[in-house]
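Grab a pencil and open the viewer. Here are a few short exercises to work through, each with its solution.

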Amino acid sequence: MATKIAEARRKANLRVLQRLDSLILDIQGSATHVVLYEFSVDSQQWEKTGCEGSLFVAKRSESPRFKLVVLNRNSKENLEVDISGKFQMQVQEPYLIFRETKGDGAVRIRGIWFHDSAEREAVSGLLTRIVSSLEQIEQLEEKHSHDAEALGVRQQRQQQQQQQKSAAGGSVVQQVAAASAARQGLSVGGGGAASDGGAVGSA
């Protein structure tokens, strides 16, 4: 019975997440209640952001393949963080600390406080595995991209060399044809001279 209730709750949460992001496929992990803090450089202290609620690690159908989401109970401003192989985080009780780079290049140090420390450990372990896998995939993709680029450069060079050879071969053919035509002309002319010489001799 408890399993059915948990599954029904998971499906309901998944529908909510899919309304926020239609590319979300499934929920990989979750925490019942978290509070988002941000580290203030000025005061050198953690400050509440006003965002708290349920946390989810969601899997998506397109890049970024994973996303960290906190459904905010206080307002419509939810926390949505893309997870990539470059995602930086660490556990420092009582927070799961991560670095977030905004579109304008500004860097924020944020900490997620978990009501249940066991959920914090479970989520941090899940994120560690996801980031490690994504890092390997991104390294392979980067290597493949470099290899493809190098192959393209080699193919371009080979085409240029073939074009140069073809151009050189064409000029040689033209030279041979001209020389052949010249020889034929000399041969005809020489033949006529020989004939004339023979006729004179006969005369």
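The exercises below go from the overall fold to the pockets and then to the aromatic rings. Keep in mind that this is a predicted model.

**Exercise 1. Sketch the order of helices and strands in the protein chain, then describe its burial and contacts.**

Solution.
- Start by counting: the protein chain has two helices and seven strands.
- Now put them in order. Reading from the N terminus, you get α-β-β-β-β-β-β-β-α.
- Next, burial. Of the 203 residues in the protein chain, 25% are buried, where buried means under 20% relative accessible area.
- For the surface, the protein chain exposes about 13,700 Å², with 51% of that supplied by carbon and sulfur atoms.
- Finally, contacts. Take those with a separation of 6 or more: 46% of them join residues 24 or more positions apart.

**Exercise 2. Work out which elements line the largest pocket, and what kinds of residue they bring.**

Solution.
- The volume of the largest pocket is about 220 Å³.
- Its lining consists of 14 residues, and Arg-9, Asn-13, Ser-30, Ala-31 and Phe-56 are the ones nearest the centre.
- Three elements each give two or more residues to this lining: helix 1 (2-20), strand 1 (24-40) and strand 2 (45-60).
- Strand 1 gives the most, with six residues.
- Sort the lining by class and you have four nonpolar, six polar and four charged residues.

**Exercise 3. Do the same for the second largest pocket.**

Solution.
- The second largest pocket holds about 190 Å³ of space.
- Among its lining residues are Glu-80, Val-81, Asp-82, Lys-86, Phe-87 and Arg-99.
- Strand 4 (79-83) and strand 6 (95-101) are the elements that give two or more residues to the lining of the second largest pocket.
- By class, that lining has two nonpolar, two polar and six charged residues.

**Exercise 4. Classify the ring pair of Phe-39 and Trp-46, and say how exposed each residue is.**

Solution.
- First, what do you need? A pair of aromatic rings is described by the distance of the centres and the angle of the planes.
- The centres of the Phe-39 and Trp-46 rings are 5.4 Å apart, and the cut-off for a pair is 6.5 Å.
- The planes of these two rings meet at 70 degrees, so the pair is edge-to-face.
- Check exposure: Phe-39 has a relative accessible area of 27%, which makes it partly exposed. Trp-46, at 25%, also counts as partly exposed.
- Zoom out. The structure holds four aromatic pairs, and Tyr-37, Phe-39, Trp-46 and Tyr-95 form one aromatic cluster.

Conventions. Residues numbered from 1 in each chain as written. Predicted model: local features only at pLDDT ≥ 70, side-chain atom pairs only at ≥ 80, totals over all residues. Heavy atoms only, no water. 1 Å grid on protein atoms, 1.4 Å probe; cavity = no way out; pocket = protein on both sides within 12 Å on 5 of 7 lines; lining within 4 Å. Points joined across faces, edges and corners; volume = space filled by probe spheres on them. Helix = DSSP H or I, 4+ residues; strand = E, 2+ residues; numbered from the N terminus. Nonpolar A, V, L, I, M, F, W, Y, C, P; charged D, E, K, R; others polar. Buried < 20%, exposed > 50% of the residue type's maximum accessible area, 1.4 Å probe, protein only. Contact = heavy atoms within 4.5 Å. Areas by Shrake-Rupley, 256 points an atom, 1.4 Å probe, with all protein chains shown as cover. Phe/Tyr/Trp six-rings, centres within 6.5 Å; stacked < 30°, edge-to-face > 60°.
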